[in-house]
Protein chains: 2
Amino acid sequence: MRRIAPERADLLSIIGEVFREHGYEGASLALIGAATGLGKGSLYHFFPGGKEEMARAVIAHIDGWFEDNVFAPLRDNADPRAGIEHMFEATDSYFRSGRRVCLIGAFALDDSRDLFSGQIRDYFGRWITSLAEALTRSGYRPGEASELAEEAVAVIQGALTLARAASDLDIFSRALRRVRMRLEPPAKI
Amino acid sequence: MRRIAPERADLLSIIGEVFREHGYEGASLALIGAATGLGKGSLYHFFPGGKEEMARAVIAHIDGWFEDNVFAPLRDNADPRAGIEHMFEATDSYFRSGRRVCLIGAFALDDSRDLFSGQIRDYFGRWITSLAEALTRSGYRPGEASELAEEAVAVIQGALTLARAASDLDIFSRALRRVRMRLEPPAKI
DNA sequence: ACGTCATTGTACCGGTCGGTACAATCTCTC
DNA sequence: GAGAGATTGTACCGACCGGTACAATGACGT
């Protein structure tokens, strides 16, 4: 349960889509204003720190969604396989089967990476470690689990890039299906 | 053998690094001028089309390097396994083991994607199809080869993102090693 | 030495950027 | 309905953006 006023959550979603679509530098205050229907007065009222604070809040908002819908289930579900399954469903749903791109991944490549490096590192780090933990519980050796988790997150990120590059959403679905299959069998040693 | 004057190739490399480091929008003419030591007069003399032509030329330059050092070997090497091995070595070398990011991948996520969508689609498309062709020749069924190729390129792209996000170059090396191992065995049907 | 053409530095353009200032308005409490 | 605080529109700022114009300089064949 997050104590964010619903209006603010909606606002962050809208601003997030602008950042997602145009990148940090490309998301001008004019675009953000047009998308939200708010003028600069309002935007700077809600985000006194300006564009940088907006981006930070948007990243935190996305991070919170993944924490609630992906990372926590991976860590907390008594059945690690169910947690992993949940991750794939949430991931496919979040990225709209490849229609959406990963804003945090885009920021990691962007010029903006230095501004948000802590948040970015944290997001991917927690994704990988929580997935690795679930894989370990499901029977993989810790080292193997860690590498598999890294690879799975990399495939997801890369597939989003390729799907966007090729304008072919199926690339993402195929990649998700393949990596899901690979993670399914418990360690066969 | 490409008939580009060496100075122009060097120029494209330098400009490419600016785009790679700052993205399309972030790479201002001031930055490009500082990196190359050329003023606007010279830049617009060599690239009358301005920044967009520079980016197009840079993408074509990178695409040419991959064509010569990755795609062609994949297609032409009589031993497909050797071609694939060559791809991994060239890829690790090009991306400096994760120190460098994929400019074309970054452009695919960027706001600039619409400007260069044809070139971007072509680059990734040829990478995937030439790798799939080599995998087919090495014994995989065409469908499986195609999916494997897609996945391999996705892992490479995603690992570059993660390596940058985590400031941990080893992520890229590990990913490359894993996917190399996966592609090695011929189809075991 | 000349003419030619490639190359360059510099000044300038209109437009947009992120950000600030501030007065007007809205909303809610007492 | 008075007052207070939250919210908003608008005008404005200096800086920088990509791009253009053009005169000065350079290199070079003749």
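Biologist: What makes the pairing of S28(B) with a phosphate oxygen of DNA strand D a polar contact?

Modeller: This is a predicted model, and in it an N or O atom in the side chain of S28(B) is 3.0 Å from a phosphate oxygen of DNA strand D. A polar contact needs a pair of N or O atoms within 3.5 Å, so the pair qualifies.

Biologist: Which atoms of DNA strand D do S42(A) and K51(B) approach?

Modeller: A polar side-chain atom of S42(A) lies 3.0 Å from a sugar or linking oxygen of that strand. For K51(B), the partner is a phosphate oxygen, at 2.6 Å from a polar side-chain atom. Both distances are within 3.5 Å, so both pairs count as polar contacts.

Biologist: Which residues come nearest to DNA strand D, and what makes a residue count as near?

Modeller: A heavy atom of the residue must lie within 4 Å of the strand. There are 13 residues around DNA strand D, and H45(A), L29(B), K40(B), Y44(B) and K51(B) come nearest. These 13 divide into five nonpolar, six polar and two charged. Helix 3 of chain A gives the largest share of this surface, four residues. From chain B, helices 2, 3 and 4 each supply at least two residues. On the DNA side, 58% of the strand D atoms within 4 Å of the protein belong to sugar or phosphate, and the rest to bases.

Biologist: Which residues come nearest to DNA strand C, and which helix gives the largest share of the surface there?

Modeller: Here L29(A), K40(A), Y44(A), K51(A) and H45(B) come nearest, out of 13 residues. The largest share, four residues, comes from helix 3 of chain B, while helices 2, 3 and 4 of chain A each supply at least two. Sugar or phosphate accounts for 59% of the strand C atoms within 4 Å of the protein.

Biologist: How do you know that L29(A) makes a polar contact with DNA strand C?

Modeller: A backbone N or O atom of L29(A) lies 2.8 Å from a phosphate oxygen of that strand. That is within the 3.5 Å cut-off, so the pair counts. Polar side-chain atoms of S28(A) and Y44(A) also lie by phosphate oxygens of strand C, at 3.1 Å and 2.6 Å respectively.

Biologist: Why is C102(A) not in a disulfide?

Modeller: A disulfide is a covalent bond between the sulfur atoms of two cysteines. The closest cysteine sulfur to that of C102(A) is in C102(B), 17 Å away, and the cut-off is 2.5 Å, so the two are too far apart for a bond. Over all chains the structure holds zero disulfides.

Biologist: Why are C102(A) and C102(B) classed as they are, buried or exposed?

Modeller: Their relative accessible areas are 6% for C102(A) and 4% for C102(B). Buried means under 20%, so both are buried.

Biologist: Why is S97(A) called partly exposed, and S167(A) exposed?

Modeller: S97(A) has a relative accessible area of 22%, and partly exposed covers the range between 20% and 50%, so the term fits. S167(A) is at 57%, over the 50% limit, and therefore exposed. Each has a positive phi without being a glycine, about 55 degrees for S97(A) and about 50 degrees for S167(A). S97(A) sits in the loop between helix 5 and helix 6 of chain A, and S167(A) in the loop between helix 8 and helix 9 of that chain.

Biologist: How do you know whether F47(B) is buried or exposed?

Modeller: Its relative accessible area is 0%, under the 20% limit, so F47(B) is buried. F47(B) lies in the loop between helix 3 and helix 4 of chain B. Beyond four places in sequence, F47(B) touches residues including L11(B), L12(B), I15(B) and M54(B).

Biologist: What is the class of E151(B), buried or exposed, and what does its side of the structure touch?

Modeller: At 3% relative accessibility, under 20%, E151(B) is buried. Its place is in helix 8 of chain B. Leaving out residues up to four places away, E151(B) touches V155(A), R178(A), R182(A) and R182(B).

Biologist: Which residues touch the most other members of the largest nonpolar core?

Modeller: They are F19, W127 and L131 of chain A and F19, W127 and L131 of chain B, in a core of 124 residues. Another core, of six residues, lies apart from it and includes V101(A), L109(A), A106(B) and L109(B).

Terms used: Residues are numbered from 1 along each chain as its sequence is written. Chains are lettered from A and ligands numbered from 1 in the order in which they are written. This is a predicted model: local features need pLDDT of at least 70, side-chain atom pairs count only at pLDDT 80 or more; totals for chains, interfaces and linings use all residues. Side-chain values use heavy atoms; hydrogens and water are left out. Buried means under 20% relative accessible area, exposed over 50%, partly exposed in between (1.4 Å probe, protein chains only). A polar contact is a pair of N or O atoms within 3.5 Å; within protein, one must be able to donate a hydrogen and the other to accept it, and residues adjacent in sequence count only if both atoms are side-chain atoms. Ala, Val, Leu, Ile, Met, Phe, Trp, Tyr, Cys and Pro count as nonpolar, Asp, Glu, Lys and Arg as charged, and the others, Gly among them, as polar. A nonpolar core is a set of buried Ala, Val, Leu, Ile, Met, Phe, Trp, Tyr and Cys residues joined through side-chain atoms within 4.5 Å. Contact means heavy atoms within 4.5 Å.
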